[in-house]
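This briefing covers the ligand site and the domain arrangement of one protein chain. The points below are grouped by topic.

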Amino acid sequence: MLDTHPNPDPPRPLRILISGAGIAGPALALHLVRLPPPLRCDITIVERHPDLRASGQQIDLRGQGIAAMRTLGIEPAVRAVIVDEPGLRFLDGRGRTVAYFGSNKTGKGAQTFSAEWEIMRGDLCRVLYAATRDLDGVRYLFGTTVAEFEQADGSVKVRLSDGTVGEYDLLVGCDGIGSRIRSKICADGQPDMIKPVGMAMALYTIPPKEGDPPEATWMNLPGRRYFMTRRDRPDCLRVYIGYGGHNEQLKQALKHGSVAQQKAAWADIFKHDMHQYAQVPRYIEGLSSPEADDFWTQELVQINPASWSQGRVVLVGDAGYCPSPLTGMGTSLALAGAYVLAGEIARACGPKAREQGVEPRDNIPRALKEYETVLRPFVQHVHSLPVRRYAKFGAPESRWAIALLRWLFWLIATLRIDLLFQRFASDDRGPWQLPDYPELSTPKP
Ligand SMILES: Cc1cc2nc3c(=O)[nH]c(=O)nc-3n(C[C@H](O)[C@H](O)[C@H](O)COP(=O)(O)OP(=O)(O)OC[C@H]3O[C@@H](n4cnc5c(N)ncnc54)[C@H](O)[C@@H]3O)c2cc1C
């Protein structure tokens with residue numbers, strides 16, 4: 001039965017625990033801490049890393065992700081650190097340019113491989129951290145994780161790795177693709193919950209050399225392998241290596257290996273190319289350069305659990321719906337997810353709830369369901385992109401298939417078909433648009 005006499009006291013702040021201070025976690029905190037009164041949030045963000053984990057290479061914002069970034073009010077700070085990548089060069093085995101695709105910085109039509117909103121992951125982490133760390137109601141705990149939690153009596157009881165125990169109205173897993181929160185709320189054995197896309201990738205930095213181009217470069221090697229380089233700053237070169245085949249040593253190293261074992265496994269995959277391709281020795285020897293301490297490697301997967309929440313526990317970003325870096329949409333989904341979740345909490349727990357005699361925290365499970373209903377179609381659209389085909393097409397097996405790919409890119413670049421595509425295609429992924437939440441006090445999408 002509804003209480004027809006609304007409680008006149010201001011509601012106590014919503015107690016929110018966020019696990020993971022990557023992109024999704026701080027973005028969600030920034031939306032929630034700005035909820036208009038009388039709703040207030042008391043937010044704790046725990047991060048496993050001893051400090052802000054601001055590593056990683058270029059990530060891009062596309063379509064709806066750009067609109068979601070704007071709702072955070074951080075556009076000037078993001079613009080200030082944008083990577084000005086002129087375009088992408090496809091190289092042949094001798095390092096000569098076969099095809100060149102410039103970036104589309106007009107703000108209209110579809111972006112190309114080099115997006116207008118290309119940004120180093122670390123810079124976006126720092127922008128979001130700087131925007132939240134000194135706010136009343138936000139507290140970061142580094143080197144800390146959620147050790148265990150249980151839901152009972154309308155709250156989540158949590159024990160942190162530092163031994164402290166607390167009670168929260170909401171626990172949010174923003175802890176990336178290996179999410180521990182997901183493993184606790186999603187039953188094991190769900191079909192396709194973690195779906196490999198058929199590609200592994202490693203990213204790291206090496207010292208620069210005279211003649212390194214400012215454009216991104218891409219070079220295929222037979223056996224489903226490729227190298228890519230990018231140059232966001234003149235004093236270093238970022239190297240991306242990819243492999244779409246099966247290699248037991250790499251598989252084991254990615255699962256359980258140390259960084260040294262992972263680097264050794266990657267070097268092994270290219271050991272027969274050291275004398276065949278001029279660039280390979282530099283890129284592979286660069287794995288042991290001091291600059292390569294930012295080495296990051298992953299088997300690329302899509303995350304797709306049947307549900308993103310259970311009671312008062314919910315997943316946002318890669319933890320709930322990583323689309324794989326091959327879509328270029330991981331960060332955009334994370335920002336859109338943070339926005340929609342905050343909007344649904346504002347809607348379900350805002351003043352209207354109190355007018356109906358409901359305490360804001362009691363409506364949290366309802367907000368989590370709505371968040372999923374609203375965002376699912378967008379996530380499904382991004383997940384339906386044919387990433388396995390991208391992986392096969394972009395990293396062919398045989399020399400003749402690589403020759404065909406190079407010819408195709410040469411043709412597209414020569415006939416400027418890419419410009420036609422840019423002009424007439426949209427940068428949005430599918431028809432889904434960010435909803436408007438008048439209940440949020442952040443800028444409109
Ligand atoms: C180090 C790193 C480098 C990356 N580099 C790239 C890149 O170059 N290109 C690209 O496209 N994508 C990269 N990504 C992935 C990209 O950041 C995400 O796809 C996207 O931005 C969505 O962000 P997210 O916040 O959901 O996840 P993430 O950015 O992965 O953030 C998850 C955060 O949770 C923390 N965490 C993990 N486990 C726990 C735990 N048990 N308890 C508490 N905290 C935990 C992690 O340390 C991390 O800070 C990288 C991710 C990481 C973590």
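**Ligand site**

A polar side-chain atom of E47 sits 2.6 Å from an oxygen atom of the ligand. The model described here is a predicted one. Taken alone, the ligand exposes 920 Å², and the protein buries 93% of that area.

Polar contacts and surroundings of the ligand:

- In the side chain of D318, an N or O atom is 2.6 Å from an oxygen atom of the ligand.
- R48 approaches through its backbone: an N or O atom there lies 3.1 Å from a nitrogen atom of the ligand.
- The ligand is surrounded by 29 residues, and the closest are A24, E47, Q57, R121 and D318.
- E47 and D318 are thus among the closest residues, and each places a side-chain atom 2.6 Å from a ligand oxygen atom.

**Domain layout**

- The protein chain is divided into two parts: domain 1 covers 14-82 + 123-189 + 305-384, and domain 2 covers 195-300 + 391-420.
- Between the C-alpha centres of domain 1 and domain 2 the separation is 32 Å.

**Interface between the domains**

- Seven residues of domain 1 are in contact with 14 residues of domain 2.
- The two domains bury about 940 Å² between them, with 60% of it on carbon and sulfur atoms.
- On the domain 1 side, Q57, Q58 and L326 lose the most area to domain 2, and together they account for 60% of what that side buries.
- Q57 also appears at the ligand, as one of the closest residues.
- Zero salt bridges are counted between domain 1 and domain 2.
- Two residue pairs are in polar contact across this interface, both at pLDDT 80 or more.
- By class, the side of domain 1 that touches domain 2 consists of three nonpolar, three polar and one charged residues.

Terms used
Residues are numbered from 1 along each chain as its sequence is written. This is a predicted model: local features need pLDDT of at least 70, side-chain atom pairs count only at pLDDT 80 or more; totals for chains, interfaces and linings use all residues. Side-chain values use heavy atoms; hydrogens and water are left out. Domain bounds come from an automatic or database domain assignment. Contact means heavy atoms within 4.5 Å. Buried area is the accessible area (1.4 Å probe) that two parts lose on being put together, summed over both. A salt bridge is a side-chain nitrogen of Lys or Arg within 4 Å of a carboxyl oxygen of Asp or Glu. A polar contact is a pair of N or O atoms within 3.5 Å; within protein, one must be able to donate a hydrogen and the other to accept it, and residues adjacent in sequence count only if both atoms are side-chain atoms. Ala, Val, Leu, Ile, Met, Phe, Trp, Tyr, Cys and Pro count as nonpolar, Asp, Glu, Lys and Arg as charged, and the others, Gly among them, as polar. A residue is near a molecule or strand if one of its heavy atoms lies within 4 Å of it. Accessible areas come from the Shrake-Rupley method with a 1.4 Å probe; for residues, only the protein chains shown count as cover.
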